[in-house]
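Here are some notes to read alongside the model, arranged as numbered points. Please check each of them against the coordinates as you go.

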Amino acid sequence: MTLFLDAAATTAGSGGFSMLLMIVIMFAVFYFFVIRPENKKKKKTEEMRNSLSLGDEIITIGGMIGKIVQITDDTITFETGEDRVRIQTKKWAISTTAKMEAEEAKKK
């Protein structure tokens, strides 16, 4: 009877360790394939938004294209097309710049 209980306790102990090990491995895989690349992308986008300067061609999240004419702490004013309509938007609404798109096209 005690032999049976000892075997069951040993099996349960190793099962708990292997379960913990699997959870740690799954978290590591999730971190390296999901969280880390997303953080890199956010950092790159934030650097791009902080390095904007007058005259840069931008594309907003909504798809509007224009040239920057004024920059403040958290807003950007840009002109669209030949009619020179000025639109003011928040910095977080800037999706990409023409330079970024050209660099991505060269990579592909």
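1. Leaving aside neighbours within four places in sequence, which residues is Thr-60 in contact with? In this predicted model, Thr-60 is in contact with Phe-78, Ala-93, Ile-94 and Ser-95, once those neighbours within four places in sequence are set aside. Thr-60 belongs to strand β1, and it counts as buried because its relative accessibility is 9%, where the cut-off for buried is under 20%.

2. On confidence, the protein chain has a mean pLDDT of 86, with 87% of its residues at 70 or more. Residues 1-8 call for caution, since their pLDDT is below 50 and, beyond near neighbours in sequence, this stretch has zero contacts in the model.

3. The sheet is open and has five strands, which follow the order β4-β3-β2-β1-β5 with antiparallel pairing. Its edge strands are β4 and β5, the latter covering 94-97, and each of them pairs on one side only. Averaged over the sheet and with direction ignored, neighbouring strands are turned by 45° against each other. Helix α2, residues 98-107, packs on this sheet, where it touches β1 (57-60) and β5, and the direction of the helix makes about 60° with that of β5.

4. Within that sheet, β3 and β4 pair in the antiparallel sense over six bridges, and Phe-78 stands opposite Ile-87 in β4. Strand β4 spans residues 85-90 and includes Ile-87. The C-alpha atoms of Ile-87 and Thr-77 are 5.5 Å apart in space, although the two residues are separated by 10 residues in sequence. Not counting residues up to four places away in sequence, Ile-87 touches Met-64, Ile-76, Thr-77, Phe-78 and Thr-80. Ile-87 counts as partly exposed because its relative accessibility is 24%, and the cut-off for buried is under 20%.

5. The largest nonpolar core consists of eight residues, namely Met-48, Leu-52, Ile-58, Ile-68, Ile-76, Phe-78, Ile-94 and Met-100. As general background, nonpolar side chains in soluble globular proteins tend to be buried together. Two of the core residues, Phe-78 and Ile-94, also appear among the contacts of Thr-60, while Ile-76 and Phe-78 are among the residues that Ile-87 touches. Another core member, Met-100, touches Lys-44 and Met-48 when residues up to four places away in sequence are not counted.

6. The backbone at Arg-84 deserves a second look, as this residue has a positive phi of about 60° although it is not a glycine. For context, most residues other than glycine have a negative phi. Arg-84 is placed in the loop between β3 (75-80) and β4, and it counts as exposed because its relative accessible area is 55%, the cut-off for exposed being over 50%.

7. How many aromatic pairs does a search of the whole structure find? The search finds one aromatic pair, formed by Tyr-31 and Phe-32, whose ring centres are 5.2 Å apart and whose planes make an angle of 80°, an edge-to-face arrangement. Tyr-31 counts as partly exposed because its relative accessibility is 32%, and Phe-32 is likewise partly exposed, at 49%.

Terms used
Residues numbered from 1 in each chain as written. Heavy atoms only, no water. Core = buried A, V, L, I, M, F, W, Y, C linked by side-chain atoms within 4.5 Å. Buried < 20%, exposed > 50% of the residue type's maximum accessible area, 1.4 Å probe, protein only. Contact = heavy atoms within 4.5 Å. Helix = DSSP H or I, 4+ residues; strand = E, 2+ residues; numbered from the N terminus. Phe/Tyr/Trp six-rings, centres within 6.5 Å; stacked < 30°, edge-to-face > 60°. pLDDT = per-residue confidence, 0-100. Pairing = 2+ DSSP bridges. Axes fitted to C-alpha atoms, helices over the stretch in contact; angles between N-to-C directions.
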